[in-house]
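I set out to record what I looked up in this model, entry by entry. The notes cover confidence, backbone geometry, one helix pair and one residue followed through its surroundings.

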Amino acid sequence: MPKILGRFLRKITAMDQVKDLLAITPWWAYVLLVLLIVFLRDIFQKKHTISHNFPIVGHLRYALERIGPELRQYIVANNREELPFNRSQRSWIYASSKKQNNYQGFGTDQDQSAAGYIFINPALFPYYAQPDHPNVKEKDLIPCAKIIGEYNGRRRPFRPRSIVNISAMSFGSLSARAVESLNLGAHEAGSYHNTGEGGFSPYHQKGADIMLQIGTAYFGVRDEEGRFEMKKLLRLTQSYQQIRAIEIKLSQGAKPGKGGVLPASKITKEIAEIRHIPMGKDVVSPSNHTAFTNPGELLDFIEDIASETGLPVGFKSAVGKLELWEELTDLMLERNVGPDFITIDGGEGGTGAAPPAFANHVSLPFVFAFAAVYKIFQKKGLTNRVTFIASGKLGFPSNALMAFAMGADLINVAREAMMSVGCIQAQSCHTNTCPAGVATQNKWLQRGLNVNDKSQRSAQYLKTLRKEILEITHAAGYEHPCQVTMDDVDVGMGDNNYTTTLAQAYKYQKEAVPFNNMLELVECPHLGGIKSPEVHAH
Ligand SMILES: Cc1cc2nc3c(=O)[nH]c(=O)nc-3n(C[C@H](O)[C@H](O)[C@H](O)COP(=O)(O)O)c2cc1C
């Protein structure tokens, strides 16, 4: 016993000595010690050449590389030079979403002689809305001029209440809170919300009209082998009346011909249940559909789904080779069937994750893609059988109006809508580390995203965009954007202020869309965006 006590007392004395030593050691000695440890680690490690060859200082390079994007974004880059969205565009979205002043003073800061610059031709006298016009009360009300599914006689045709809607982004690539905010915002703004290919989650069920997307993996409507199962789709569409249309995803602009991988580590129990996939192993979305392999079979698939569900059915695609579009339109004429809508996604479109070669080089940008497809439909007299939906950086008033001038009937916005709920363009959607909690499944990062606040912002963004589209439509002398023609928009050719009309640049005139007046659209029995407080589940 005395021996143990003696040892214990000696230990205490030793500890006191260590404490005393630490107390008299100056701070710079600690710094030197840390640097020495880093130095030794650097020269003995074999993974990083730079830090091996330049111990300690080599780390500066990695640190700068890491914070470089933020430095450029906040300090170095000017207002108009960043991509995909420059600071001016982002600021416009943020200010519009927060209902702040989104005007600019002192005139344009843009180079108006740049190639591709858009000029909208104003009328001598703008359109004047009479006092009883629907837009006098509701300044952002613009329903779609076409009824989706009307031509093909679907049992539940659909006229979207809003010409601007939320583009496909799955729960999985976006966080639960982001999806919920977008859905509540879309409901408030009367827009539809496309689910993306990841299935119909509880966060999509907050009241907005739904466009249900079906991708190559048939998430949520698949059997155990990953094949499409009509029974499951039928159960969904019958249970949730807010599903107003079905979009078959052939491809998206950022990665046509490339299926995605959902790594096992990201598959939570909730995601597994929504997508109907097993937990614990990677799920690969194939690049091709198994339900059809050519345009004829695609038409059969569309007809099967439409006749079973009664809903309008269309498809989404990026654009490149045109032969199969020719074949598809020939078959539409021959059989008098076809998609109720087609979504054309530009190659500049966004994605949760894609190899750079795909995101940068595979598929045409929106203007060329849309013009090419529209002309094929026009040549065969099919444009008014189909509702054209456009996407690819169109969430700004002038870009959107250009799309309508080219023949689009609706536009979808994805990344612009993400910004309205707080995305800061950190471009880390593929790493699960999105600092804004928008494109991550990390619970901590998501916690900062306040659904009440962000849903208001997403609604406000959609409404402001529509209001400003309508204002420039009026400035051009029209009541509805569907009336804007290819001669109403000029594009800069970058040659001494030389401009040309869209009609001359893309070599077609848009077909007139049947339209009488706004009131007729508002009074349509198939109008969507009905504001009911409860979710329309049976
Ligand atoms: C995070 C993220 C996820 C996406 N997921 C899908 C998807 O599941 N299905 C799809 O068809 N497109 C998807 N897209 C593409 C968008 O729906 C849209 O077509 C494209 O981003 C162009 O629109 P934008 O320029 O307004 O972003 C995704 C885009 C982003 C940014």
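Before placing any loop, I note that helices (H or I, at least four residues) and strands (E, at least two) are DSSP runs, numbered from the N terminus. On that basis I place Pro 84 in the loop between α4 (58–76) and α5 (87–97).

Entry 1, confidence. I am working with a predicted model. I looked up the average pLDDT and found 93 for the protein, with 97% of the residues scoring at least 70. I then looked for the weak stretch: pLDDT stays under 50 over residues 533–538. The model has 16 contacts beyond four places in sequence for residues 533–538. I leave these contacts uninterpreted, because predicted coordinates should not be read in detail where pLDDT is low.

Entry 2, peptide bond. I returned to Pro 84 and checked the bond that precedes it. The peptide bond from Leu 83 to Pro 84 is cis, with omega near 0 degrees. I logged it because most peptide bonds are trans.

Entry 3, positive phi. I searched for residues other than glycine with a positive phi, and I list two of the results here. Tyr 218 has a phi of about 50 degrees, and I located it in the loop between β4 (209–214) and α8 (230–239). Is Tyr 218 buried or exposed? I find Tyr 218 buried, because its relative accessible area is 0% and the cut-off for buried is under 20%. Gln 427 has a phi near 55 degrees, and I located Gln 427 in the loop between α15 (415–420) and α16 (443–447).

Entry 4, helix pair. I examined helix α14 (residues 397–406) against helix α17 (residues 451–475): their axes come within 9 Å and cross at roughly 60 degrees. The crossing of α14 past α17 is right-handed. From α14, the contact uses Pro 397, Ser 398, Ala 400 and Leu 401; from α17, it uses Leu 465, Glu 468, Ile 469, Ile 472 and Thr 473. I sorted the residues of this contact into six nonpolar, two polar and one charged.

Entry 5, Val 38. I found Val 38 in helix α2 (residues 27–44). Which residues does Val 38 contact, leaving aside its neighbours within four places in sequence? I found Ile 56 and His 59. With a relative accessible area of 24%, Val 38 is partly exposed. I also took the C-alpha to C-alpha separation of Val 38 and Phe 377: they are 65 Å apart in space and 339 residues apart in sequence.

Key. Residues are numbered from 1 along each chain as its sequence is written. This is a predicted model: local features need pLDDT of at least 70, side-chain atom pairs count only at pLDDT 80 or more; totals for chains, interfaces and linings use all residues. Side-chain values use heavy atoms; hydrogens and water are left out. Axes are lines fitted to C-alpha atoms, for helices over the stretch in contact, and angles run from 0 to 180 degrees between N-to-C directions. A crossing is left-handed if the near helix is turned anticlockwise from the far one by less than a right angle, and right-handed if clockwise. Contact means heavy atoms within 4.5 Å. Ala, Val, Leu, Ile, Met, Phe, Trp, Tyr, Cys and Pro count as nonpolar, Asp, Glu, Lys and Arg as charged, and the others, Gly among them, as polar. Buried means under 20% relative accessible area, exposed over 50%, partly exposed in between (1.4 Å probe, protein chains only). pLDDT is the predictor's confidence in each residue, from 0 to 100.
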